Amino acid sequence: MTVRESSALDNAAEFEWQADDIFGRIATRYDRLCDAFSFGIHRLWKRKVARRIASENWDVLLDGATGTGDIILRVLTQEGVEGRTILASDVSAKMLAIAGERLSRHSAAVVLKLLDAENMPSVPTHSVDAYSISLGLKICNRRLALQEALRVLKPGGRLIILEASNIPWAVLHRVYLAYMSVCMPVLGWLATGGDASAYKYLLQGIREFPTAEGLAEELENMGFENVVFERLSLGIVAIHTARSPSEENGA
Ligand SMILES: C[S@@+](CC[C@H](N)C(=O)[O-])C[C@H]1O[C@@H](n2cnc3c(N)ncnc32)[C@H](O)[C@@H]1O
């Protein structure tokens with residue numbers, strides 16, 4: 001396997017934020033774009049993952065690739081999150097600025113951080129109880145991002161991932177991908193006012209991201225424990241949860 005093939009496997013969308021400020025360019029339209037691509041269904045996925053995140057046992061949560069704060073806004077409406085701290089992070093200053101506006105009335109609970117999920121030297125090792133990342137793993141190097149999650153999580157800490165996945169019926173999955181290949185460019189072009197690159201990465205990320213079973217295996221190979229996943233909307237996306245190894249297991 002060549003170096004490029006190996007990096008493409010880790011970085012489904014082959015997106016590098018240093019090379020293209022695409023999320024900065026589409027920041028003000030990002031939420032509209034999500035509605036358009038998913039016909040609003042992303043709201044159900046986000047509500048579900050927010051409930052899952054809130055139900056976990058944590059005092060400090062780090063949310064990677066937080067975008068416009070859509071998930072964290074929903075986490076904050078769940079019961080039992082009062083008094084907990086959320087570090088909402090993203091590599092795009094413009095996305096984070098929108099998150100800041102939307103989350104401003106929760107400023108006591110939320111700390112915004114400009115962070116590259118692949119390399120977070122400012123976040124101390126074993127310093128957070130839970131790490132979440134939603135719809136962000138497919139557009140970064142997931143091996144590096146997951147290694148960083150493993151590093152910053154306390155032993156026994158919780159990992160929650162919402163990401164594109166696979167419909168287990170191959171024919172249906174191919175139909176879905178064919179539909180997205182047509183629909184995403186058109187809707188993306190309309191929603192972004194003609195920014196052709198806006199959907200390119202997301203589409204490739206969806207195509208190249210591992211199956212739910214494949215991601216679960218990767219997590220286990222990296223050392224995460226208790227890996228479980230749930231498919232949503234037939235498997236268009238899945239929520240994976242896992243635990244970082246406890247100290248007794250040599251974490
Ligand atoms: C598809 S959006 C998801 C946003 C949000 N989590 C949601 O579900 O609405 C992806 C986000 O990942 C961010 N991103 C891309 N590469 C990143 C990286 N290496 N580190 C941190 N954030 C990154 C982008 O700036 C963008 O805000």
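Start by selecting S134 and the ligand: in this predicted model, a polar backbone atom of S134 sits 2.8 Å from a nitrogen atom of the ligand. Keep the ligand on screen and add A65, where a backbone N or O atom lies 2.8 Å from a ligand nitrogen. Then bring in A117, whose backbone N or O atom is likewise placed 2.8 Å from a nitrogen atom of the ligand. Try a surface view here: on its own the ligand would expose 600 Å², and the protein buries 99% of that.

Next, widen the selection to the whole shell around the ligand. You should pick up 21 residues, with A65, D90, D116, A117 and S134 being the closest. Colour the shell by character and it divides into 13 nonpolar, four polar and four charged residues.

Now switch to cartoon and look at the sheet. Seven strands make up an open, mixed sheet, and walking across it you meet β3, β2, β1, β4, β5, β7 and β6 in that order. Select residues 110–114 and 225–232 to see β3 and β6 at the edges; each has a single partner strand, so one side of each is left without a neighbour in the sheet. Turn the view to follow the twist, which averages 15 degrees from one strand to the next.

Zoom in on β5 (residues 153–164) and β7 (residues 237–243), an antiparallel pair joined by seven bridges. For one of these pairings, click I161 and then H240, its bridge partner in β7.

For the last stop, show helix α7, residues 142–152. The helix lies across β1 (60–64), β4 (128–134) and β5, and α7 runs at about 150 degrees to β5.

Definitions and conventions
Residues are numbered from 1 along each chain as its sequence is written. This is a predicted model: local features need pLDDT of at least 70, side-chain atom pairs count only at pLDDT 80 or more; totals for chains, interfaces and linings use all residues. Side-chain values use heavy atoms; hydrogens and water are left out. Two strands pair if DSSP finds at least two bridges between them. Helices (H or I, at least four residues) and strands (E, at least two) are DSSP runs, numbered from the N terminus. Axes are lines fitted to C-alpha atoms, for helices over the stretch in contact, and angles run from 0 to 180 degrees between N-to-C directions. Contact means heavy atoms within 4.5 Å. A residue is near a molecule or strand if one of its heavy atoms lies within 4 Å of it. A polar contact is a pair of N or O atoms within 3.5 Å; within protein, one must be able to donate a hydrogen and the other to accept it, and residues adjacent in sequence count only if both atoms are side-chain atoms. Accessible areas come from the Shrake-Rupley method with a 1.4 Å probe; for residues, only the protein chains shown count as cover. Ala, Val, Leu, Ile, Met, Phe, Trp, Tyr, Cys and Pro count as nonpolar, Asp, Glu, Lys and Arg as charged, and the others, Gly among them, as polar.
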